[in-house]
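Me: I have just opened this one and would like to go through it a question at a time. Where shall we begin?

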Amino acid sequence: MNTELRYELKFILDDIELTRAMEWLYKYTSAQERYHKRKVNSLYFDDLNFTSVKDNLIGLPYRSKNRLRWYGEERNISPFFEIKKRDGRLGSKEKYSLNSLNSNLLDLKIEDIALACLKGLKSHNVIFDKYLFPSIQVSYEREYFETLGGLRITFDKNINYFDTMPYHTLRECNAVAYRLNIMEIKFEPRLKNKVVQLIRPLNMTPKRHSKYLVGLSKLGRAVYI
């Protein structure tokens with residue numbers, strides 16, 4: 001399943017800046033809460049050459065990231081595999097359901113999760129030309145806001161990174177905390193001029209930011225500033 005191309009502006013915020021951003025949200029936008037706050041979990045996949053890392057670091061305009069995603073910590077979740085693509089400054093996503101992992105994801109060893117993902121993707125006729133393995137897990141709390149015009153604003157807090165050990169379950173991996181918060185503003189190209197005006201009172205500069213690369217850096221496996 002494909003989603004439309006959209007821009008994503010990212011802001012890296014300390015707790016004081018987060019308060020300012022929330023004040024801007026309520027004062028200058030008409031955005032309302034879209035979902036209740038929920039925990040987002042991602043298990044990122046890369047190849048043996050860490051191509052996703054290298055493509056991001058050099059700023060390759062056409063690149064992709066692969067991840068298994070699910071919400072919450074309870075059983076009977078509905079994980080899906082997501083291929084996130086970048087085309088210049090615009091991004092899109094392809095999502096594929098993986099029903100075989102609905103009830104037992106958190107009990108499986110990471111190597112078994114990887115095999116189940118690749119098998120499930122094959123049933124969707126998605127086959128990668130390189131061997132992919134789980135490289136890092138990321139979890140955080142996300143708050144969602146959206147305007148009637150289609151502008152989406154999310155806040156990610158309490159971000160944690162987990163190293164991936166093939167013979168361990170997701171529950172058995174140790175966490176490394178990230179103390180900053182991330183605000184993302186997501187919108188279709190038709191809203192670009194409107195968003196430029198909307199963020200002026202925010203007085204903050206959007207920056208490139210990849211949770212995947214930050215996590216690998218926190219774990220000592222990449223250099224990312």
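Me: Which residue in β6 is the bridge partner of Lys84?
Reply: Let's start with the pairing of two strands, a strand being a DSSP run of E with at least two residues and a helix a run of H or I with at least four, each numbered from the N terminus. Strand β5 (residues 80–87) and β6 pair in the antiparallel sense over eight bridges, where pairing takes at least two DSSP bridges between the strands. In β6, the residue bridged to Lys84 is Lys93.

Me: Before we go on, what pLDDT do local features need here?
Reply: Residues are numbered from 1 along each chain as its sequence is written, and side-chain values use heavy atoms, with hydrogens and water left out. The model is predicted: totals for chains, interfaces and linings use all residues, side-chain atom pairs count only at pLDDT 80 or more, and local features need pLDDT of at least 70.

Me: Which residue in the turn between β5 and β6 has a positive phi?
Reply: Near this end of the pairing, Arg86 stands opposite Gly91 in β6. The two strands form a hairpin with two residues between them, and a positive phi of about 70 degrees belongs to Gly88.

Me: And in β5, which residue is the bridge partner of Arg63?
Reply: Strand β4 (residues 62–71) runs antiparallel to β5, and eight bridges join them. On β5, Arg63 is bridged to the residue that also stands opposite Gly91 in β6. That bridge partner is Arg86.

Me: How many of the eight residues of β6 are buried?
Reply: Buried means under 20% relative accessible area, exposed over 50% and partly exposed in between, with a 1.4 Å probe and protein chains only. β5 is mostly covered, with six of its eight residues buried. Strand β6 (residues 90–97) is mostly covered too, and its buried count is six.

Me: Why do the buried residues of α1 lie on one side of the helix?
Reply: Those residues are Leu18, Ala21, Met22, Trp24 and Leu25. They share a side because the directions from the helix axis to their C-beta atoms cover an arc of only 155 degrees.

Me: Which exposed residues sit on the other face of α1, and what does the buried side pack against?
Reply: The face turned away from the buried side carries the exposed Ile16, Glu23, Tyr26 and Lys27. Packing is a matter of contact, that is, heavy atoms within 4.5 Å. By that rule the buried residues pack against β1 (7–13), β7 (132–146), β8 (152–162), β10 (181–187) and α4 (192–198).

Me: Which residue caps the N-terminal end of α1?
Reply: Helix α1 (residues 15–28) has 14 residues and reaches 20 Å from its first C-alpha to its last, close to the 20 Å expected from 1.5 Å times one less than its number of residues. At its N-terminal end, a side-chain oxygen lies 3.1 Å from the backbone nitrogen of Ile16. The residue supplying that oxygen is Asp14.

Me: Is Glu184 buried or exposed?
Reply: Glu184 is placed in strand β10. Beyond its neighbours within four places in sequence, its contacts include Glu8, Lys10, Arg142, Arg152 and Lys211. With a relative accessibility of 4%, Glu184 counts as buried.

Me: How far is the backbone nitrogen of Leu213 from a polar atom of the Ser210 side chain?
Reply: Ser210 lies in the loop between α4 and α5, and its 2% relative accessibility makes it buried. A polar contact is a pair of N or O atoms within 3.5 Å; within protein, one must be able to donate a hydrogen and the other to accept it, and residues adjacent in sequence count only if both atoms are side-chain atoms. For the Leu213 nitrogen and the Ser210 side chain, the distance is 3.1 Å.

Me: What radius of gyration does the protein have?
Reply: The protein has five helices and 10 strands, and its C-alpha atoms fill a box of roughly 50 × 35 × 30 Å along the principal axes. The globule rule is 2.2 Å times the number of residues to the power 0.38, with the radius taken over C-alpha atoms. For 225 residues, a compact globule would be near 17 Å, which agrees with the protein's 18 Å.
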